[in-house]
Amino acid sequence: MPRPKSILQPIEIDEVKHAHNCQHSSEHRLQRGDKRLKLRKQRSYDYYCTSCAIEIITRDIARLQEILEELRT
């Protein structure tokens, strides 16, 4: 039996090795040792600070819940 497909993009949580800005907000600076969300985008990655990552994930969960409810009705 084939494995079910996933609509989620490849996502990882990793540790910042060199200080840089968040991809979502340049006002958010990631420092060495901070946790960050690593989101695959074609052949490269986008990196988000934890506060932006939480905001993105929360919004996406709400959208997935809407889609699920739509499918159930």
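1. The hairpin of β4 and β5 is a good place to start in this predicted model, since the turn itself has a feature that can be looked up by residue number. Two residues lie between the strands of this hairpin, and glutamine 42 takes a positive phi there, near 55°. On either side of the turn, β4 and β5 pair in the antiparallel sense, and five bridges join them. One of the paired positions to look for is arginine 40, whose bridge partner in β5 is tyrosine 45.

2. The hairpin belongs to an open sheet of three strands, in which the order is β1-β4-β5 and the pairing is antiparallel. As a reminder for reading such a sheet, strands pair through backbone hydrogen bonds, and the pairing may be parallel or antiparallel. Here β1 (11-15) and β5 (44-48) stand at the edges with a single partner strand each, so one side of each is left without a neighbour in the sheet. From one strand to the next, the twist averages 35°.

3. The pairing of β1 with β4 can be followed in the structure residue by residue, for these strands run antiparallel and are joined by five bridges. Aspartate 14 stands opposite arginine 36 in β4, while isoleucine 13 has leucine 37 of β4 opposite it.

4. The helix α1 should be viewed together with the sheet, on which α1 packs by touching β4 and β5, and the direction of α1 makes about 100° with that of β5.

5. Which residues form the largest nonpolar core? There are 10 of them, namely Val16, Cys22, Leu30, Leu37, Leu39, Tyr48, Cys49, Cys52, Ala53 and Ile56. Two elements, β4 (35-41) and α1 (50-72), give two or more residues to this core, and α1 gives the most, with three residues. Within the core, alanine 53 is a useful residue to inspect, as Ala53 touches Leu37 and Tyr48 when residues up to four places away in sequence are not counted.

6. The largest pocket deserves a separate look, and about 310 Å³ of space lies in it. Its lining is made by Ile7, Leu8, Gln9, Ile11, Leu37, Leu39, Ile56, Ile57, Asp60, Ile61, Arg63 and Leu64. The elements that give two or more residues to this lining are β4 and α1, and the most comes from α1, with six residues. A reader comparing the lists will find that Leu37, Leu39 and Ile56 appear both in the largest nonpolar core and in the lining of the largest pocket.

Key
Residues numbered from 1 in each chain as written. Predicted model: local features only at pLDDT ≥ 70, side-chain atom pairs only at ≥ 80, totals over all residues. Heavy atoms only, no water. Core = buried A, V, L, I, M, F, W, Y, C linked by side-chain atoms within 4.5 Å. Buried < 20%, exposed > 50% of the residue type's maximum accessible area, 1.4 Å probe, protein only. Helix = DSSP H or I, 4+ residues; strand = E, 2+ residues; numbered from the N terminus. Contact = heavy atoms within 4.5 Å. Pairing = 2+ DSSP bridges. Axes fitted to C-alpha atoms, helices over the stretch in contact; angles between N-to-C directions. 1 Å grid on protein atoms, 1.4 Å probe; cavity = no way out; pocket = protein on both sides within 12 Å on 5 of 7 lines; lining within 4 Å. Points joined across faces, edges and corners; volume = space filled by probe spheres on them.
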